[in-house]
Amino acid sequence: MNSWLLIPAGELSERFSRSSGPGGQGVNTTDSRVELSFDVARSPSLTETARLRAAERLASRLSGGVLTVASSGERSQLMNREEARERLAAILREALAPPRPPRVATKPSRGARERRLENKRRRSATKRNRRWTAD
């Protein structure tokens, strides 16, 4: 996963089924589609903080606390297994990343304020010149 997290293979569960993707007649006979599941809510590999952060960020993807990733893009089961593991790792890596530091508010510079006011004056003059006056 990353430098501090390694998920043992025993915590992952795989299910295989027939794929609807490429493969011709072989699609009808081989179980090449892979569903890889990881129980985020009960994993001993995750710290309590990481578990809460993942549960919060992946709330829409979790079903009963379990994250499931399916892969059926390749013809071989082995390649689909690798793809599913890579996708699961990427999803977890993104979910467990620390939050970004908050943005520090800054004041506009003097030159920026002057440019803004000058643009306002120019726009005001343009609109004033468009008006019809009864002379």
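In which helix is Arg116 found? In this predicted model, Arg116 belongs to helix α3, which covers residues 110-130.

**Overall architecture**

The secondary structure of the chain consists of three helices and four strands. Their order along the sequence follows the pattern β-β-α-β-β-α-α. The radius of gyration is 28 Å, well over the 14 Å that the globule rule gives for 135 residues, so the chain is more spread out than a compact globule. Along the principal axes, the C-alpha trace spans about 90 × 45 × 25 Å. As for burial, 24% of the 135 residues of the chain count as buried.

**Two helical residues**

Arg116 and Glu82 are each assigned to a helix, and the table sets out their computed accessibility.

| Residue | Helix | Relative accessibility | Class |
|---|---|---|---|
| Arg116 | α3 (residues 110-130) | 47% | partly exposed |
| Glu82 | α2 (residues 77-96) | 43% | partly exposed |

Arg116 is one of the residues of a positive surface patch, which is formed together with Lys107, Arg113 and Lys120. Why does Arg116 count as partly exposed? Its relative accessibility is 47%, and the partly exposed class lies between the buried limit of under 20% and the exposed limit of over 50%.

Glu82, in helix α2, falls in the partly exposed class because its relative accessible area is 43%. Glu82 can also be related to a residue elsewhere in the sequence: Val34 is 48 residues apart from Glu82 along the chain, and the C-alpha atoms of the two are separated by 9.5 Å.

Conventions:
Residues numbered from 1 in each chain as written. Predicted model: local features only at pLDDT ≥ 70, side-chain atom pairs only at ≥ 80, totals over all residues. Heavy atoms only, no water. Patch = residues over 30% accessible without salt bridge, like charges linked within 9 Å, V, L, I, M, F, W, Y side chains within 5 Å. Areas by Shrake-Rupley, 256 points an atom, 1.4 Å probe, with all protein chains shown as cover. Salt bridge = Lys/Arg side-chain N within 4 Å of Asp/Glu carboxyl O. Lys, Arg positive; Asp, Glu negative; His and termini not counted. Charge placed at Lys NZ, Arg CZ, Asp CG, Glu CD. Helix = DSSP H or I, 4+ residues; strand = E, 2+ residues; numbered from the N terminus. Buried < 20%, exposed > 50% of the residue type's maximum accessible area, 1.4 Å probe, protein only. Rg over C-alpha atoms; globule rule 2.2 N^0.38 Å.
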